[in-house]
Amino acid sequence: PKEIFLKDYKMPDYYFDTVDLKFLLGEEKTIVSSRITVFPSVEGSRFPLVLDGVDMKLISIKVNSEDLEEADYVLDSRHLTILSPPTGSFTLEIVNEICPQNNTSLEGLYKSTGNFSTQCEAEGFRKITFYQDRPDIMAKYTCRIEADKSLYPVLLSNGNLIDQGDLEDGKHFALWEDPFKKPCYLFALVAGKFVSRDDVFITRSGRKISLKIWTPAEDVPKTEHAMYSLKAAMKWDEDVFGLEYDLDLFNVVAVPDFNMGAMENKSLNIFNSQLVLASPETASDSDYAAILGVIGHEYFHNWTGNRVTCRDWFQLSLKEGLTVFRDQEFSSDMGSRAVKRISDVSKLRNYQFPQDAGPMAHPVRPHSYIKVNGYIYVNFSGAEVVRMYKTLLGSQGFRKGMDLYFKRHDGQAVTCEDFYAAMRDANNADFANFLLWYSQAGTPRVKVTLSYNSDGRTFTLKFSQDVPPTPGQPNKEPMFIPVAVGLLDKAGNDLPLSSIYHDGVLQSIAENDRPVYHTVLRLTKKEEEIVFSDIPERPVPSLFRGYSAPIRLETDLNDDDLFFLLAHDSDEFNRWEAGQVLARKLMLQLVADHQLNKPLVLNSKFVEGLRSILSDSSLDKEFIAKAITLPGAGEIMDMMAVADPDAVHAVRTFIRKQLANALKAELLTAVENNRSSEAYVFNHPEMARRALKNISLAYLALVEDTEIANLVLDEYKNASNMTDQFAALVALDQKPGETRDEVLADFYTKWQHDYLVVNKWFALQAMSDIPGNLVNVQNLLNHPAFDIRNPNNVYSLIGGFCGSIVNLHAKDGSGYKFLGEAVMQLDKINPQVASGMVSVFTKWKRYDKHRQKLAKEQLEKILSVNGLSENVFEIASKSLA
Ligand code: DPP
Ligand code: ZN
């Protein structure tokens, strides 16, 4: 396998202007014909034309209508090279054969559950036909599909349907034309038995857009929420960014076998059905929220990704970071901004930071890769970088930058610098060394020390920063870090701020001669000092409000300061954060005690802090639910020199039990007061009630008390929606025994007809920390509802098992062995899914020597497999490096 470098990027020698595709979809094989108009990038040049193509049979090839002789081209397992094409522009006609029925990789064109569908991002188009499969080749497409009419009544592709009709032998055809230029990764085709939910969206300029969400007939009732989400997203993009949809038709198709969440193909989004189908009985609040976010995400790509696309895959964050940011903003505006921010920062801490501290660490724009792999798609940092522009420029400045970006680059394939330049130029902004966020890997660490001088009435913040070394980047430069900050007085109010000395230079931070209550500091150096003048008392600073930069923060705030912030900060995110800092400190201390066999004792101030949050009726209920949730085990392990899963698990369980007992009365009140009374509604206040009730229930289930045990069981039995029912099941699942077994069996019996609910059932059992649960997971692999070719099944059961820190890291090595074998089996079926699973091993060096040895053995075994995919090879080999 070959590593590909950003610095080696070269413009293509040839561009494509138009692409006419024809598909004859058959039961044995599919014949693909393409007719491409080609022109050289430099007039008069004569280079070989190299096309990508894998897993297919070439039938014929013509240049300017003449068949090519065998000596005119070279065909190997990855490329078709036309040795000396004519000078100037020419037409290329290729016919090839593929077999979507045997395509278990779910990349390219594949058939599953009786239907054909495609997934081309990143490099799936080369499994459909020979092409320059790179995003800077943008062309106008037509697509003609022919297939049996009774088996495949619905034939879809990108753009507008311009012709359709019946053919001989029970066949029919459809001809689609996409008026917009696009890279081939946005091509899509769907053929099969689908029925649509139809709706209409009127754009702000009065255009009527026909919206269709396609599913199997029986699932149509479950697409109401997806349709609501789509219309909300279309409206939001008009309101916030002035962006209107550009075609008259927008299709969404839900398929059950899909490698990722969804795909933003031009006007034909294809979704994992998990992210489309929902009803109150079968989907929980988190499913509803995910559907809203992902429907939004894919729709927003129409401008950020499709109209303006990436020059190459190193620029992935140009579209993903930006579009993740946009969907985060959309969900914030539709619900609670603070709660959404809290969830997003938790993801960053639990997934991105550990990755950035390990062997797969890479900058937002990687310098190299072997395969455009899932790990590059983890794009939470990219979204944080976009968010920092907004923090620095404000909403209006950010909007100006976006407007300029589209004005300059509509219809182009561009780079991260182009986005940066648009933001800068639209605002005449000084971004100093901001571009380092794209090129330096690793999570910056920022240290802050505080001092107050009562004589001079000054308050000083001393900042220092460093970025830890990452593979290939031993030495780092200081980053440009925006620090949103406010200073709290004794009463907890924000103090007025009018000027600062930044490294001795006086700067006014007042706006229109008025003091502000919140400002954004700009750090650019390894060490610097900010002095706030005219501060009447020692304040408590609220730093990095709203998490204004993706960094790890260390301060000398004491526990009293943190409790004070938890109680008073006007920035809701930082209230939560103060509680998390306290919880992390406490957990790390108890982990150390546990490792020394000391008795564990819970700090009573912490308990009282949570009690006051829990009883504060002025707070948002979902915020309370977040505030009384402990940091994840992954987050704590990420902070330890040697991650100790047993100790972290023991401590987290200990604290949860202690809290449950200490706060029993408040938790019971929270359950009593927040039961759903009426029919399920998806809105923030109702979700917040359910969130608070359900987290309280999860705590209560840890109390040894028959009455409470009965209460939890009743909640399960009386639940009228999946959110409440599943939450009660999760609560009951924590305690091994007869009740647990009975409810798990009952749940399956109730929901066996619904594969999406069955996945929840798989995941819940797989994640269980009951020691020895591996046997149960192995049995479930043979369950009739489990199919290893279905990615959702794998993510639920095998992925779920990796979520159990007890069983994955079992000292006898059984967990690692199970995972290693699963990876090897999956790699033969679906390399993308396999690489998702092997990623779990990337953290192996974080554990003790014994576990290191066990995990290393598995990685070595995986690497010794003949014919291992590049996807898995890249991750396994970099992990061992
Ligand atoms: N481009 C795809 C998405 O944004 C990749 N999963 O969802
Ligand atoms: Zn995306």
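In strand E21, alanine 262 has phenylalanine 271 as its bridge partner. This pair belongs to a predicted model. Two bridges join E20 to E21, which covers residues 268–272, and the two strands run antiparallel.

**The five-stranded sheet**

E20 and E21 are part of an open sheet with five strands. The order is E17-E18-E19-E21-E20, and the pairing is mixed. Which strands stand at the edges? They are E17 (195–202) and E20 (262–263). Each has a single partner strand, so one side of each is left without a neighbour in the sheet.

A helix packs on this sheet. It is H1, residues 224–241. H1 touches three strands: E17, E18 (208–215) and E19 (249–255). The direction of H1 makes about 25° with that of E17.

**The three-stranded sheet**

Another open sheet has three strands in the order E4-E8-E7. Here the pairing is antiparallel. Strands E4 (49–52) and E7 (73–75) stand at the edges. Each of these has a single partner strand, so one side of each lacks a neighbour in the sheet. On average, neighbouring strands are turned by 15° against each other, direction ignored.

How many bridges join E7 to E8? There are three, and the two strands run antiparallel, with E8 spanning residues 79–82. Within E8, threonine 81 stands opposite valine 74.

**Two annotated spans**

UniProt, in an unreviewed entry, marks residues 227–434 as "domain: Peptidase M1 membrane alanine aminopeptidase". It also places "domain: Peptidase M1 alanyl aminopeptidase C-terminal", again from an unreviewed entry, at residues 559–881. The table gives the make-up of each span in the model.

| Span | Helix | Strand | Distance between end C-alpha atoms |
|---|---|---|---|
| Residues 227–434 | 56% | 10% | 39 Å |
| Residues 559–881 | 71% | 0% | 41 Å |

**The nonpolar core**

The largest nonpolar core holds 252 residues. Which of them touch the most other members? They are Leu189, Val253, Met837 and Val838. Helix H6, residues 380–409, supplies the largest share of this core, with eleven residues.

Methionine 837 can be followed further. Set aside its neighbours within four places in sequence. Methionine 837 is then in contact with Ile798, Gly799, Leu819, Ala822, Val823 and Leu826.

Conventions. Residues are numbered from 1 along each chain as its sequence is written. Chains are lettered from A and ligands numbered from 1 in the order in which they are written. This is a predicted model: local features need pLDDT of at least 70, side-chain atom pairs count only at pLDDT 80 or more; totals for chains, interfaces and linings use all residues. Two strands pair if DSSP finds at least two bridges between them. Helices (H or I, at least four residues) and strands (E, at least two) are DSSP runs, numbered from the N terminus. Two residues are in contact if their C-beta atoms, placed from the backbone, lie within 7 Å. Axes are lines fitted to C-alpha atoms, for helices over the stretch in contact, and angles run from 0 to 180 degrees between N-to-C directions. UniProt positions are given in the numbering used here, feature names are shortened, and annotations may be inferred rather than shown by experiment. A nonpolar core is a set of buried Ala, Val, Leu, Ile, Met, Phe, Trp, Tyr and Cys residues joined through C-beta atoms within 7 Å. A residue is buried if 20 or more other C-beta atoms lie within 10 Å of its own, exposed if 12 or fewer, and partly exposed in between; C-beta atoms are placed from the backbone.
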